[in-house]
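Dear colleague,

Please find below the sequence and structure that I am handing over to you. A summary of what was found follows directly after.

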Amino acid sequence: MSQTDMAANSQRNPPPFPGSEDQDPLSEMADGDSDEGEDIFVGNRNPVAARTESFQPNTANGEEPADLFSEEDSGPAARSSNSPPGYKSSGVHSDDDSDLFAEASMELAGGGPSTAAKPSEAEAGPSPTTRKSTTQPMSMEQLEEDEVKDNFELDVAVTNPEKIGDGMNAYMAYKVSTVTTLPMFRNRTFSVWRRFSDFLGLYEKLSLKHSLNGCIIPPPPEKSVVGMTKVKVGKEDSSSADFVERRRAALERYLQRVVSHPSLLQDPDVREFLERDELPRAVSTQALSGAGFLKMINKASDAVNKMTIKINESDTWFDDKLQEVESEELQLRKLHTVVESLVNHRKELCGNTAVFAKSIAMLGTSEDNTALSRALSQLAEVEDKMEALHQAQAASDFFIFAELLADYIRLLGAVRGCFEQRMKAWQRWQESQSTLQKKREAEAKLLWANKPDKLQQAKEEITEWEGKVTQYERDFDRISVTVRKEVLRFEKEKSKDFKSQLVKYLESFLQSQQRLIKFWEAFLPEAKAIA
Amino acid sequence: MNLILNPTLDEAPPLRTHRGIVTSHDFLTTPPAAAMMQEGLDDGPDFLSEEDRGPRAVNVDLQTDATLQVDISDALSERDKVKFTVHTKSTLPNFKQNEFSVVRQHEEFIWLHDSFVENEEYAGYIIPPAPPRPDFDASREKLQKLGEGEGSMTKEEFTKMKQELEAEYLAIFKKTVAMHEVFLCRVAAHPVLRKDLNFHVFLEYNQDLSVRGKNKREKMEDFFKNVVKSADGVLVAGVKDVDDFFEHEKTFLLEYHNRVKDASAKSDRMIRSHKSAADDINRIASTLYTLGTQDSTDVCKFFLKVSELFEKTRKIEARVAADEDLKLADLLKYYLRESQAAKDLLYRRGRALVDYENANKALDKARAKNKDVLQAETSQQVCCQKFEKISESAKQELIDFKTRRVAAFRKNLVELAELELKHAKGNLQLLQSCLGVLKGDT
């Protein structure tokens with residue numbers, strides 16, 4: 001299952017856990033479900049030689065092995081082929097991409113004889129993409145091509161919401177189950193219990209680390225004081241059940257998006273989140289905490305800042321994209337409102353149909369012509385079934401369509417966020433340039449005033465700032481590349497997501513029409529039988 | 001708004017010929033015609049017209065056919081009135097010509113109905129319920145609001161909404177035409193009422209009948225009369241009837257009437273929600289369209305296709321709601337009114353019974369006192385005759401009512417089921433072809 005599929009199928013049941021660890025990896029690769037037979041069982045029993053066959057499934061699945069081979073320069077891949085156990089503890093953090101790159105080139109040298117293709121082939125999905133983030137000299141076309149190879153073997157699911165505790169201190173715990181063949185995890189399948197604040201905490205951590213690079217961090221579902229209070233208080237009605245289900249599905253989609261993002265998957269926080277049994281409580285996510293207030297203030301100041309900056313650049317790609325994103329967000333919001341209205345009307349229809357069904361049943365009982373009476377009660381039954389149908393349709397409207405839109409509205413916000421980060425990087429660069437300028441002027445003045453000791457200091461400062469300017473410029477270029485890549489990846493994912501979800505929605509609509517036909521076909525002879 | 005709506009011009013001529021053919025079994029001939037008109041609007045196959053011509057041909061009562069046919073051949077909607085052209089074909093000698101038309105307004109229909117109600121001779125018959133007043137207020141309001149909000153929406157949205165509202169207006173208009181026609185046809189089909197002089201005047205007199213609507217005072221009088229009547233009705237209903245048939249009918253009608261009222265209200269609500277949902281799908285379609293036209297990526301093409309699909313399914317959903325309205329809601333509404341008329345008949349009979357019993361008591365008293373015996377005797381005779389006359393015709397009327405009701409329900413429920421199936425299959429086909437295209441692309 002490609003990562004995009006995962007993000008889309010939020011209602012999916014957790015994938016069946018693969019059999020024993022001794023299962024023949026090759027046969028697993030042949031299995032339609034497992035991802036593209038990319039050899040991830042490094043460090044496992046099977047000799048590397050056997051891996052050559054795996055190339056076939058690769059091409060069979062429409063991969064582009066050619067690209068893999070071409071991406072020689074980066075081989076952080078090689079790392080894991082040599083030391084899987086050490087991988088986890090090697091402290092390789094994807095946050096600092098340049099380090100990976102450095103490490104990789106060293107490893108590749110040592111990787112030696114096994115064809116360069118081998119290690120890169122042997123690597124899990126993360127590698128192609130970590131490569132991408134580090135190799136700046138790559139052309140845009142190559143970047144866009146790389147996006148196709150979104151494949152690795154990790155499926156995550158969020159299930160079994162359970163209420164822990166009682167009263168106002170109660171919370172919902174969700175079971176996060178992972179099935180993976182990635183070597184960086186201890187087991188193939190494992191699950192942990194997490195609560196909502198844990199998910200938020202993960203987002204905070206990822207945000208802190210990665211947003212500065214211009215990554216699009218998938219946003220988690222929103223807090224809902226009202227919803228949670230109802231659950232805490234123990235209201236066992238359909239609205240709180242709906243709320244829990246909605247949250248569970250949203251959390252699942254959130255996690256799926258996180259793990260399908262190549263750089264984020266490398267992040268140890270993500271691994272910890274998926275694996276570690278007990279996570280420290282993420283306090284900074286509480287709504288009314290000090291950290292919470294701080295965040296709000298920061299957000300507000302950010303909002304003011306972003307209004308005022310405009311980058312002068314010859315490449316209008318970023319500007320155009322940002323405008324596109326903004327207008328799309330607007331449209332999605334509009335669409336979301338309408339879909340919500342549809343959901344409400346369908347729920348209303350549902351209620352009214354139920355009431356009507358009862359009324360017709362009553363009419364049927366008072367009707368003295370027996371055939372008509374029977375037909376009327378049959379009609380009441382049909383209307384009852386219609387009610388169930390409307391209910392299901394409303395759920396589909398909501399869970400498939402409305403939630404999709406809500407997710408993407410939030411995601412587009414995150415996309416805007418990464419544009420803002422780029423803006424900030426540009427700002428920093430510009431500011432450093434102007435500071436440098438000032439320092440130079442100060443130096444010139446000192447030259448005039450002829451104060452040798454201060455001059456020395458001034459010269460040091462100038463060198464320092466020159467360094468900073470270069471660094472910030474590099475940062476800006478780097479973040480521009482990242483943003484571009486991220487946006488392209490996002491668009492592909494979005495396109496797939498929307499298509500698959502809309503198709504799913506239409507299919508559910510189709511099914512409901514089929515059932516409708518069955519109901520009325522059953523009723524028709526009854527109606528005709530009236531005499 | 002000065003809208004000239006000429007149903008016959010819009011739709012196929014068949015509407016005219018079979019509108020007048022009616023029997024006491026087939027009261028709801030025209031609402032299906034209205035449905036037909038609605039179908040015609042959306043260029044669907046003219047499914048109902050074929051359907052109706054079939055069974056109707058079977059139900060035709062040849063006796064009524066030749067002697068008196070009434071239909072509304074034309075209608076004009078002006079600002080706040082609707083003018084109906086009542087067209088009559090008759091071989092009866094009392095009419096000057098064999099075929100003629102007059103223009104009538106709603107108030108004249110009401111006058112005719114009231115004249116029946118007030119006529120003692122007809123106390124023993126179920127008076128066909130009066131058609132409801134043409135009510136375009138809601139529709140007019142919406143059109144007005146649309147006009148005001150013209151600036152705030154795009155040209156396409158505006159034209160789309162305008163078309164929808166106009167279609168709604170047209171639908172209401174056709175329904176009211178149908179209701180008025182049904183009333184006339186019922187009268188024409190009734191063996192006694194068709195001979196009524198007022199009815200003939202109504203049909204023939206080509207000048208204005210000068211029937212003004214009731215002024216405030218008269219309305220107040222009516223109101224009080226109704227209050228008295230319902231109080232009396234309660235009293236009368238309390239009197240146990242010797243005749244089992246009527247006793248049973250009394251309880252039955254009471255219960256039935258209440259339940260029909262309930263069902264009618266609930267069906268209205270249900271259909272309204274259905275319409276709102278269809279409207280929402282419309283808006284979704286246009287927003288998707290906007291999204292789709294922003295770019296030419298394949299996801300945008302996808303949106304455009306889905307938007308198109310939603311447009312089509314919305315039309316179907318709107319038709320489903322409209323058909324449900326016609327076949328179910330209108331049916332229930334009509335029987336609400338008819339069951340009320342039947343209740344009124346029972347009330348009149350009950351009243352006559354009470355009068356008869358009182359006259360009997362008075363006669364006994366007079367005989368005992370030996371005073372005014374003759375007077376008491378004649379009044380008792382009169383009451384007795386009245387009561388028996390009413391009872392006789394009432395029995396037949398109520399049996400007819402039952403038969404008519406069963407037939408109408410049958411017809412409408414069958415048609416409802418068939419329409420639901422037709423629309424669901426249409427939806428299914430659209431979805432299947434669209435999904436085929438969409439999946440093929442991805």
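Helices in this message are DSSP runs of H or I with at least four residues, numbered from the N terminus. Please also note that this is a predicted model.

I begin with a surface feature of chain B. Helix α10 of chain B, residues 216–238, contains B:Val227. This valine takes part in a nonpolar surface patch of about 410 Å², together with B:Met220, B:Phe223 and B:Phe224. B:Val227 counts as partly exposed because its relative accessibility is 41%, and partly exposed covers the range between under 20% (buried) and over 50% (exposed).

The domain assignment divides chain B into domain 1, residues 66–209, and domain 2, residues 231–441. Measured values are not involved here; taken over C-alpha atoms, the computed centres of domain 1 and domain 2 of chain B are separated by 19 Å. Contacts link the two: 18 residues of domain 1 of chain B touch 24 residues of domain 2 of chain B.Two residues in the loop between α12 and α13 of chain B deserve a mention for their backbone angles. B:Asn370 is found in this loop, where α12 spans residues 298–369, and its phi is near 60°, a positive value in a residue other than glycine. With a relative accessible area of 63%, B:Asn370 is exposed. B:Asp372 lies in the loop between α12 and α13 of chain B as well, and phi of B:Asp372 is near 55°, again positive in a residue other than glycine.

I turn now to chain A. Its secondary structure consists of 19 helices and three strands. Chain A has 531 residues, and 52% of them count as buried. Among the contacts in chain A with a separation of 6 or more, 77% are made by residues 24 or more positions apart. The accessible surface of chain A comes to about 23600 Å², and carbon and sulfur atoms account for 55% of that area.

Helix α12 of chain A, residues 225–233, has two distinct sides. Which of its residues are buried? They include A:Gly227, A:Met228 and A:Val231. These residues lie on the same side of α12(A), because they cover an arc of only 90° around the axis. A:Val225, A:Val226 and A:Val233, on the other side of α12(A), are exposed. The cover over the buried residues of α12(A) includes the strands β1 (154–164) and β2 (171–180) and the helix α13 (238–260), which belong to chain A.

The last topic is salt bridges, of which a search of the whole structure finds 52 over all chains. One of them joins A:Arg257 to A:Asp497, with the closest N and O atoms 3.1 Å apart. A:Arg257 lies in helix α13 of chain A and A:Asp497 in helix α19 (residues 452–528), so this pair ties together parts that are 240 residues apart in sequence. Both partners are buried: A:Arg257 has a relative accessible area of 7%, and A:Asp497 has one of 2%. A:Arg257 and A:Asp497 also belong to a network of salt bridges that links them with A:Glu222, A:Arg246, A:Arg253, A:Glu403, A:Asp407 and A:Arg410.

Another salt bridge is formed by B:Arg405 and A:Glu367, whose closest N and O atoms are 2.7 Å apart. This pair crosses between chains: B:Arg405 is in helix α13 of chain B (residues 373–441), whereas A:Glu367 is in the loop between α17 (317–366) and α18 (370–449) of chain A. Are these two residues buried or exposed? B:Arg405 counts as buried because its relative accessibility is 0%, and A:Glu367 counts as buried at 4%.

A further salt bridge brings together the side chains of A:Glu461 and A:Lys439, at 3.2 Å from N to O. A:Glu461 lies in helix α19 of chain A and A:Lys439 in helix α18 of chain A, so the pair ties together parts that are 22 residues apart in sequence. Here the partners are partly exposed, with relative accessible areas of 25% for A:Glu461 and 24% for A:Lys439.

With kind regards

Notes
Residues numbered from 1 in each chain as written. Chains lettered and ligands numbered in written order. Predicted model: local features only at pLDDT ≥ 70, side-chain atom pairs only at ≥ 80, totals over all residues. Heavy atoms only, no water. Buried < 20%, exposed > 50% of the residue type's maximum accessible area, 1.4 Å probe, protein only. Arc of directions from axis to C-beta. Contact = heavy atoms within 4.5 Å. Patch = residues over 30% accessible without salt bridge, like charges linked within 9 Å, V, L, I, M, F, W, Y side chains within 5 Å. Areas by Shrake-Rupley, 256 points an atom, 1.4 Å probe, with all protein chains shown as cover. Salt bridge = Lys/Arg side-chain N within 4 Å of Asp/Glu carboxyl O. Domains from an automatic or database assignment.
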